[in-house]
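Here are some exercises to work through with the model open beside you. Try each task before you read its solution.

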Amino acid sequence: MEKKKVVIALGGNALGNNIQEQKEAVAKTAQVIVDLAAQGLELVVTHGNGPQVGMIQKAMDELATNYTDNYMETPLPTCVAMSQGYIGIDLQNAIKYELHRRGMDVKVSTILSQVEVDKNDEAFRNPTKPIGRFLTEEEAKRNQENGIPCMEDAGRGYRVVVASPMPKKIRELLTIKTLVDAGHIVITCGGGGIPVVDEDGKLSGVNAVIDKDNASSLLAAELGADYLIILTAVEKVAINFGKENQKWLSDLTVDQAKEYIAQEQFAKGSMLPKIEAAIRFAESGEGRRTLITLLDKAAAGIAGETGTVIHK
């Protein structure tokens, strides 16, 4: 029987907020991933990098600010690449240890991945994603004068804002597919991928952040996956969330999901992008399904026991 191929998109709760928290969190995350591997599933793991890339960007910014003679600002795509590397190796080692503990001979590989975006994407005209350290008003004004957009962030100061364009192409797709077909658990597309544009065959990094769930949806579609699992902070998706008539949803067709989006049932900064990514994957091929649930419920969700499944 042909193995089921599954892309798992890990949320921030699977990684922690700093290096020590991350090492503790990935040990628990590895148990869930190996539970799924033990079912004979082919697995590709993606992950966010919000706290981690912010930490890296802040550190590199402060280095450049305090030692202007020796260092310059580090481009955001480089910081994303750094985050992919150190998150990937922690995840990889945790999964390898859990496999070893159970006596399972499965290979694990981390692939630093570039994700191509359209340089004419409308998001570049309206950057909205705050990144990096907080700035004074004077620093923000200076940035604005130099063509670097900034915005006030929740009363805590000013921050640089970047675009969040839609992913168009996973540049390392063939490498990822080859490793999956060879039986590896593959960790890739961390933080939505390193954002690049294709300039006559040359890939150049751009100042952007790609949504992790959008990148995961594209990756799952291009790999021909059977399932996309988006792990989040709730066991199921709800409508009328936080109200007396709140209702948890176990099964959603694409049409129903679109109707709930039209009713503005899903919060823009949290559940909405996950639902939109889920819809795109479900629509990408026959029999493709997206599961949204908690990390601890992933195996039960695949078995149809919990979570919210979105399908055609």
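**Exercise 1. Find the residue that stands opposite V196 in β11, then describe how β10 and β11 pair.**

Step 1. Look across from V196: its opposite number in β11 is G205. Helices (H or I, at least four residues) and strands (E, at least two) are DSSP runs, numbered from the N terminus.

Step 2. Follow the two strands: β10 and β11 pair in the antiparallel sense, over four bridges. Two strands count as paired if DSSP finds at least two bridges between them.

Step 3. Now look at the turn. Two residues lie between β10 and β11 in this hairpin, and D200 in the turn has a positive phi of about 55 degrees.

A word on the source: this is a predicted model, in which local features need pLDDT of at least 70 and side-chain atom pairs count only at pLDDT 80 or more, while totals for chains, interfaces and linings use all residues. Residues are numbered from 1 along each chain as its sequence is written, and side-chain values use heavy atoms, with hydrogens and water left out.

**Exercise 2. Place β10 in its sheet: what is the strand order, and which strands stand at the edges?**

Step 1. The order is β8-β4-β10-β11, an open sheet of four strands with mixed pairing.

Step 2. The edges are β8 (167–170) and β11 (202–205); each has a single partner strand, so one side of each is left without a neighbour in the sheet. From one strand to the next, the twist averages 45 degrees.

Step 3. On the β4 side, strand β4 (residues 114–117) runs parallel to strand β10 (residues 194–199), and three bridges join them. E116 has V196 in β10 as its bridge partner.

Step 4. Add the helix: α3 packs on the sheet and touches β10 and β11, its direction making about 130 degrees with that of β10. Contact here means heavy atoms within 4.5 Å. Axes are lines fitted to C-alpha atoms, for helices over the stretch in contact, and angles run from 0 to 180 degrees between N-to-C directions.

**Exercise 3. Describe how α3 packs against α2 and against α1.**

Step 1. Start with α2. Helix α2 (residues 50–66) and helix α3 (residues 76–101) pack at about 125 degrees, with their axes 9 Å apart. That makes α2 oblique to α3. For reference, angles under 35 degrees count as roughly parallel, over 145 as roughly antiparallel, 65 to 115 as roughly perpendicular and the rest as oblique.

Step 2. List the α2 contact: Q52, V53, M55, I56, Q57 and M60 in α2 meet L76, C79, V80, M82, S83, Y86 and I87 in α3. By class, this contact has 10 nonpolar, three polar and no charged residues. The classes are nonpolar (Ala, Val, Leu, Ile, Met, Phe, Trp, Tyr, Cys and Pro), charged (Asp, Glu, Lys and Arg) and polar (the others, Gly among them).

Step 3. Turn to α1. The axes of α1 and α3 come within 8 Å and cross at roughly 45 degrees, which makes α1 oblique to α3.

Step 4. Sort the α1 contact by class: 12 nonpolar, three polar and three charged residues make it up. Among them are V26, A30 and V34 in α1, and L91, A94 and E98 in α3.

Step 5. Look at E98 once more. Its side chain meets that of R101 in a salt bridge (2.7 Å, N to O); the term asks for a side-chain nitrogen of Lys or Arg within 4 Å of a carboxyl oxygen of Asp or Glu. E98 and R101 are three residues apart in helix α3, so about one helical turn separates them. The structure holds 14 salt bridges.

**Exercise 4. Trace the sheet of eight strands and find which helices pack on it.**

Step 1. The order of this open sheet is β3-β9-β2-β1-β12-β16-β17-β15, with mixed pairing. At the edges stand β3 (108–111) and β15 (251–253), each with a single partner strand, so one side of each is left without a neighbour in the sheet. Neighbouring strands are turned by 20 degrees against each other on average, direction ignored.

Step 2. At one edge, β15 pairs with strand β17 (residues 308–311) in the parallel sense over three bridges, and L252 stands opposite I310 in β17.

Step 3. Helix α1 (residues 19–37) packs on the sheet, touching β1 (5–10), β2 (42–47), β9 (185–188) and β12 (227–231). α7 also packs on the sheet, where it touches β15 and β17, and its direction makes about 90 degrees with that of β15.
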